[in-house]
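Biologist: I would like to learn how to read charged side chains in a model. Where should I start?

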Amino acid sequence: MNKKIIFCAAFLFSFSVMLTSCSDLLDTDSELVEYQEDNRLQSPTDSVYSIMGVIYKLQAIADRTVLLGELRGDLTYYTPSATKDLKDIADFTVQEGNAYNRISDYYAVINNCNYYLENINTELQKNGRYVFESEYAAVKAFRAWTYLQLVLNYGEVPLVLKPVLTEEEAKAAMEQTPVGINTICTTFINDLKPYVDVRLPRIENIDNLLPTTKFFIPIRALLGDLCLWSGDYAEAARYFHDYLSKTTAPVITYRENSYWPDENTKEFLQTPRNNFDFSTNSDECLCFIPMESNEFYGIKSELDNIYNSTDINFGYAQIEPTKSLMQISAKQTYCTTVTASEGAKPDTIYAPKENLKKDIYKGDLRLCTVYDHEVFSKNRYGRSSNENQTIEKISRRGVTLYRTNIVYLHYAEALNLAGYPQSAFAVLKHGLYPEAVSKYIDSTEVAKAGQLISFDALLFTKNNTQGVHSRGCGKAECDTVYFVMPQPATALANRADTVAYQQEKVDSIISDELALETAFEGQRYYDLMRRAIRRNDNSILATPIANRNGTFDSNIYTMLMNRKNWYLKK
């Protein structure tokens with residue numbers, strides 16, 4: 001990243017929140033706060049500096065966005081080497097002094113956004129277009145996304161939409177009645193709607209982090225998430241669909257997967273592999289917070305040293321997968337096809353779950369191909385660990401916020417809850433492209449779903465599209481035994497009853513698929529939270545987390561059955 005821009009922006013836009021404690025949401029008593037009667041942002045240079053200032057503030061919450069969403073779920077837990085702050089996150093005992101519990105950092109982003117939106121010259125035009133329209137929309141998206149993270153972690157928060165520059169303004173902001181998830185979603189859905197078709201900004205090359213458009217949050221995808229949280233599922237499905245299917249910038253799944261290298265021999269005795277690319281430059285990454293490569297220039301992500309064995313931590317990783325994640329992965333079934341001879345009809349075969357080199361090779365292969373753990377001999381009295389852990393999902397260049405297959409899973413969730421379970425299941429099993437829609441979804445649902453499942457036949461094909469389940473379970477479209485659309489044992493009274501039955505079953509399948517696809521990425525806790533809120537059943541969150549380590553933790557269960565314990569203390 002251009003260190004000079006980041007460094008200057010951090011000081012130019014320190015109108016942001018400077019808190020001395022978590023009880024004071026907004027504190028303007030800082031020598032870095034500037035009071036200017038006229039600081040209108042008029043030039044492209046002003047705009048770039050200010051936007052990079054917002055991104056600089058986003059860096060402060062990037063790692064915790066992952067850690068708070070991951071450690072409180074059921075897929076990962078801390079190792080004995082973890083810091084107390086990380087242990088407290090997982091044990092739901094976070095106090096005010098915890099490094100990951102600084103509400104001020106969120107308001108720092110928000111106040112920078114508010115300042116920009118208040119002071120940018122939105123009327124300036126050149127060649128018939130508004131000069132700062134793209135930047136204005138991008139900053140609105142930053143603010144909306146940050147508020148969503150804020151309310152998910154703190155439950156209820158003051159809604160501040162104007163820049164805070166004085167002590168009096170800070171006090172007034174703090175005294176507002178805090179608002180919850182529904183108000184946050186409604187506010188920012190309405191705020192972002194006018195900007196769905198505004199193109200993302202482009203900034204000159206910054207430290208070889210290309211393309212810089214990925215610094216900015218895709219507004220339609222964000223609107224989909226806001227609608228998903230607010231319970232407007234048809235609207236969520238529409239935003240996700242329109243984002244994924246846009247003909248000028250289609251978001252295609254492609255066919256990357258984890259796989260057995262010699263499956264045509266019908267022998268599953270090798271080491272599974274994958275062709276995934278989780279880097280910030282990949283097609284899979286849609287948006288990320290760029291991080292510094294050196295602490296001297298700003299904030300460097302610590303996720304690599306938390307998740308992986310490195311020279312810096314002497315091999316002692318601090319987070320590892322749980323038994324619960326292992327079980328969810330193992331219960332899946334890998335399916336593929338082999339052809340005995342040229343011209344013969346392919347045979348469908350299923351990978352065994354016994355006599356494999358490692359137990360972790362059972363079922364879905366996504367876990368075993370992104371996570372590796374080995375124990376090797378070292379001087380037992382040495383400083384370094386005799387274990388090595390690698391989790392390939394971690395990028396040192398940035399923290400990913402939106403990824404292709406996660407958006408597809410949220411799209412499937414929205415479709416299912418909107419009343420289209422066949423379409424939702426098709427996202428997992430086949431991928432949605434015109435041939436799959438007509439073949440695997442009945443005509444009644446196709447007619448009702450309409451444009452929500454319409455994709456361009458030239459852009460979305462069988463050759464470049466796959467079901468998300470195929471990323472870890474082979475050719476899911478060929479699995480006619482273990483991965484099939486749920487059907488009631490006996491015919492139900494009417495179609496509505498059948499749809500309701502399928503919605504509940506598909507919802508559970510999507511939840512497992514989210515676990516398999518998003519493990520380690522900071523999504524799981526919020527996915528469980530969303531399901532629990534939707535069904536008004538706290539046990540949906542409490543039970544899997546209480547069972548994450550293989551034995552039932554009654555204390556955690558009792559704690560999480562009280563919804564106020566879901567959130568961090570301010």
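Modeller: We will go through salt bridges and then a charged patch; keep in mind that this model is predicted.

Biologist: How many salt bridges are there by the rule used?

Modeller: A pair counts when a side-chain nitrogen of Lys or Arg is within 4 Å of a carboxyl oxygen of Asp or Glu. The count comes to 28 salt bridges. One of them joins Lys-162 to Glu-118, with the closest N and O atoms 3.3 Å apart. Lys-162 is in the loop between helix H5 and helix H6, while Glu-118 is in helix H4, so the pair ties together parts 44 residues apart in sequence.

Biologist: How far apart in helix H9 are Arg-238 and Glu-235?

Modeller: They are three residues apart, which is about one helical turn. Their side chains meet in a salt bridge at 2.5 Å, N to O.

Biologist: Asp-512 and Lys-331 also form a salt bridge. Which parts does this pair tie together?

Modeller: Asp-512 lies in helix H18 and Lys-331 in the loop between helix H11 and strand E8, so the pair links parts 181 residues apart in sequence.

Biologist: Is Asp-512 buried or exposed?

Modeller: Buried means under 20% relative accessible area. Asp-512 has 17%, so Asp-512 counts as buried. Lys-331, at 52%, is exposed.

Biologist: Which residues form the positive surface patch?

Modeller: Patch residues have no salt bridge. Here the patch is formed by Arg-255, Lys-439, Lys-462 and Lys-475. Lys-462 sits in the loop between helix H16 and helix H17, and at 48% relative accessibility Lys-462 counts as partly exposed.

Key. Residues are numbered from 1 along each chain as its sequence is written. This is a predicted model: local features need pLDDT of at least 70, side-chain atom pairs count only at pLDDT 80 or more; totals for chains, interfaces and linings use all residues. Side-chain values use heavy atoms; hydrogens and water are left out. Patches are made of residues with over 30% relative accessible area and no salt bridge: like charges are joined within 9 Å, nonpolar side chains (Val, Leu, Ile, Met, Phe, Trp, Tyr) within 5 Å. Accessible areas come from the Shrake-Rupley method with a 1.4 Å probe; for residues, only the protein chains shown count as cover. Lys and Arg count as positive and Asp and Glu as negative; His and the chain ends are not counted. The place of a charge is taken as NZ of Lys, CZ of Arg, CG of Asp or CD of Glu. Helices (H or I, at least four residues) and strands (E, at least two) are DSSP runs, numbered from the N terminus. Buried means under 20% relative accessible area, exposed over 50%, partly exposed in between (1.4 Å probe, protein chains only).
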